[in-house]
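Here is a short briefing to read alongside the model. Have the viewer open, and let's walk through it together.

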Amino acid sequence: MSARPDLLRRRLLAAAPLGVVAAAGAGFWFMLAGLQDGSFNPRSVPSALLNRPPPPFDLPPVEGAPHPGLSSADLRAPARPVLVNFWASWCVPCIIEHPQLMALHREGVPIYGISYKDRPADALRFLAERGDPYRRLGADLPGRVAIDWGVYGVPETYLIDRQGLIRWRFAGPITADVLNQDLRPLLRRYA
Amino acid sequence: MIPELGHFALAMALALSVAQAVLPLIGAQRRDARLMAAAVPLAHALLLATVAGFAALVACYAINDTSVLNVVQNSHSAKPMLYKITGTWGNHEGSMVLWVTVLALCAAAVASFGRDLPSVLQARVIAVLGAISAGFLLFILTTSNPFERVWPPAPDGQGLNPLLQDIGLALHPPLLYMGYVGTAVTFAFAIAALIEGRVDAAWGAWVRPWALASWAFLTLGIAVGSWWAYYELGWGGYWFWDPVENASLMPWLAATALLHSAIVVEKRGALKIWTVLLALLAFALSMLGTFLVRSGVLNSVHAFAADPARGVFILAMLAFYVGGAFALFAWRAPSMVPQGVFAPLSREGALVLNNLLLCCLCAVVLVGTLYPLFLDLLTDRLISVGPPFFNIASLPLALPLVAAMAAGPLMPWKRAELWPVLQRLWWAALVALAAFLLALALAGYRFWPALGFAAGAWLIAGAAADIVERIALFRLPLAAALARARGLPRAAWGAAIAHAGVGVTALGIAGMGLATETLIALKPGESTRFAGYEWRLDQVRDYQGPNWTARRAEITLLQDGREVMTMSPQRRFFPIGRTTTTEASIRTNFLRDLYAVLGEERDGSAVLRLHHNPLAPWIWFGGIIMAIGAGISLSDRRVRIAAPARKPAVAQAA
């Protein structure tokens, strides 16, 4: 009598690979569908840039700002880890993360800003009102550099270590939690 | 005219492949000898048609026919002839044509050399290969026609991705395709066995050489790819756990497991269902790799021009072949009776352990590669699974694998005892321990690299112990031992050499664990000390290549004030396509690589990145040694004749 449940067990076992393949196939199908309507974008998966140097770029300074512009040469071998922060005055989450950036700035962490699709006057007003955490500030008016970096949206922040390699990428505002739980340990590790 | 002929040849090939897929299959079902006999000439005709199509495409590239869209997009008249020809398969369309040509070659090989096979099995295998060819040919003709014309013809081509204009990358895809196609052949054997509902020793004897050949090509393909990444991408690394690299590693792991489990089928008649599953899995993973690279679902330096429409087609093929195969497996496998119960401590047991560990490794790589994609799909969260995950997750599996790898071949079939095996390995263990302590002392007490050195030494000494044991060296007089060495089956030599090759690669990886690098800006005439040399930058000047210009740094290395060598890293600019590549300069003495990359220049000084990579070349030498081991094993008389149990008379006559 034990032969029958045994056979059933064997049937189920033999069907398991088919189940896995079917599930994976369905997933791939939705990925392809998402690729076509734009809701699935693998280019924003950070694996492409992590542990690699940033793509080459050369941005002019923001007109009227007291900072020099930013180019990939400035990131090649910084004396200490730096943050590269894509931001814009029109972005609400940028206001949320701004106090954390100011705190880091007061502690002496170098933060390089890239002003993303922003009018210089608006950007300067934003900094005059809320404080200026940046040491360098590049103007990416057409948003081309952001595309090369694979920026998902503003704000977005990258940590570049002393070898000039991207070690961390965060899409979204750096809240106090993110700062304390993720960013500070990383800054210590790569210091 | 040539493109039309090529296009026609491919259309002809599609018709032939459909006939090849259908007629022998019906014949095998009805036991109709005439229909089954159609398989052999059809396979030869398909080979002729695909070779004609491929040759036509090569000809278009060689004469730089700019009325062909594919040539316009991927070639240029200023390119050296070698790279014009290798450019044929450096793009999506051409690589697919190469793929079906190699597949047709394998089917023709099964047709020509498979006369010893039972005719039903041979007909079914050729039919399945025909079905796979049909799918890929349909894919080429409907979504990726390489012979599409443009009118009016473009004045000249748009050049090839300069990163691909390189000998390593000219070799990398064909080698990998040979490996992938080899998994298609073992897949066809597995399907034929499932249809028949029977797996026997002769089946195992036929699958093993194909698995072995496929594995050897995959090994070489991966080694060449890794070598290319090392010298061309200029990051000084050899393996990045890039999704596309993982896509080629997964079939390799499955093929490794398959060629070991096929031994058990052949020798002991056990593990049959599992071996069939592995054969299906190896092909499924190589199809998955094709899908991931070409559909655009993931993005990497290696990815071909992504096109979701193509992705849909490949996914449909994946569903049809892989889904169909696993459905057949679910239907037929439960009725195949498992046989051959054996003791866990035996050669079979060791091979099962090998299979389990390799499959777990494969699963780790699969999960690490697909998890970010699925997480993004399901939750919109973006994460990156990088080298830390792969290193941490694969190490606990790789260590027992390495430990067991040396002991497995020393175990007898059926029933073994651990103690005598360990006794025969005591000096290998001693060598490994010595390597560990020596590495620890010399390399400044760094644990992981030292462990890597121990693993490499253990594997090489273990392989040597295997041979010493088999020929009874030191126990018999030397002459008798040498006579036994000559009489030893080549498969045994092949296995020992391949295992030693893994050891050599392990030593290379361990050596790279001790690599050092520095980044420095030098003005001409200045120098720096690094890795025991004084590196003097003499000058940076312009340099003219055939279709590129370059800035070339000239560096002289001095030791104790004497000039010992010069290095000249370049930054190349390709005006057609407006891209820049870095050409690392590498000086090797087989014990270490010195590696220099020229970065940008500012205010009269040049940024140089210098690496010192101990034992780096051993990583790829190990791969070559593994492939040589496989080749020696393939040249074994028993493998060449195959199916000895079924036709002993033929075996003796040959």
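A good place to start is Leu183(A), where helix 5 of chain A kinks by about 40 degrees, shortly before the proline Pro185(A). Please keep in mind that this is a predicted model.

**Helix 5 of chain A**
- The kinked helix covers residues 176–190, which makes 15 residues.
- From its first C-alpha to its last, helix 5 reaches 20 Å, close to the 21 Å expected at 1.5 Å a residue.

**Chain A: elements and overall form**
- Chain A holds five helices and seven strands.
- Read from the N terminus, their order is α-β-β-β-α-β-α-β-α-β-β-α.
- Chain A is more spread out than a compact globule, because its radius of gyration is 23 Å, well over the 16 Å that the globule rule gives for 191 residues.
- Taken along the principal axes, the box filled by its C-alpha atoms is roughly 85 × 35 × 30 Å.
- The domain assignment splits chain A into domain 1 (1–40) and domain 2 (47–190).
- The centres of domain 1 and domain 2 of chain A, taken over C-alpha atoms, are 43 Å apart.
- Of the 191 residues in chain A, 37% are buried.
- Among contacts in chain A with a separation of 6 or more, 76% join residues 24 or more positions apart.

**Chain B: elements and overall form**
- Chain B has 22 helices and ten strands.
- Its radius of gyration is 26 Å, which agrees with the value near 26 Å for a compact globule with 654 residues.
- The C-alpha trace of chain B spans about 80 × 75 × 55 Å along its principal axes.
- Buried residues account for 53% of the 654 residues in chain B.
- For chain B, 73% of the contacts with a separation of 6 or more are between residues 24 or more positions apart.

**Nonpolar cores**
- In soluble globular proteins, nonpolar side chains tend to be buried together.
- The largest nonpolar core here has 211 residues, and Leu129(B) and Leu280(B) have the most contacts inside it.
- Helix 9 of chain B (residues 201–232) gives the most to this core, with 20 residues.
- Leaving out residues up to four places away in sequence, Leu129(B) touches Leu103(B), Cys106(B), Ala107(B), Val110(B), Ala184(B), Val185(B) and Ala188(B).
- Another core, of 38 residues, lies apart from the largest one and includes Leu59(A), Val82(A), Tyr134(A) and Val145(A).

Key:
Residues numbered from 1 in each chain as written. Chains lettered and ligands numbered in written order. Predicted model: local features only at pLDDT ≥ 70, side-chain atom pairs only at ≥ 80, totals over all residues. Helix = DSSP H or I, 4+ residues; strand = E, 2+ residues; numbered from the N terminus. Expected span 1.5 Å × (residues − 1). Bend = angle between axes of the 7 residues up to and from the residue. Rg over C-alpha atoms; globule rule 2.2 N^0.38 Å. Buried ≥ 20, exposed ≤ 12 C-beta atoms within 10 Å, placed from the backbone. Contact = placed C-beta atoms within 7 Å. Core = buried A, V, L, I, M, F, W, Y, C linked by C-beta atoms within 7 Å. Domains from an automatic or database assignment.
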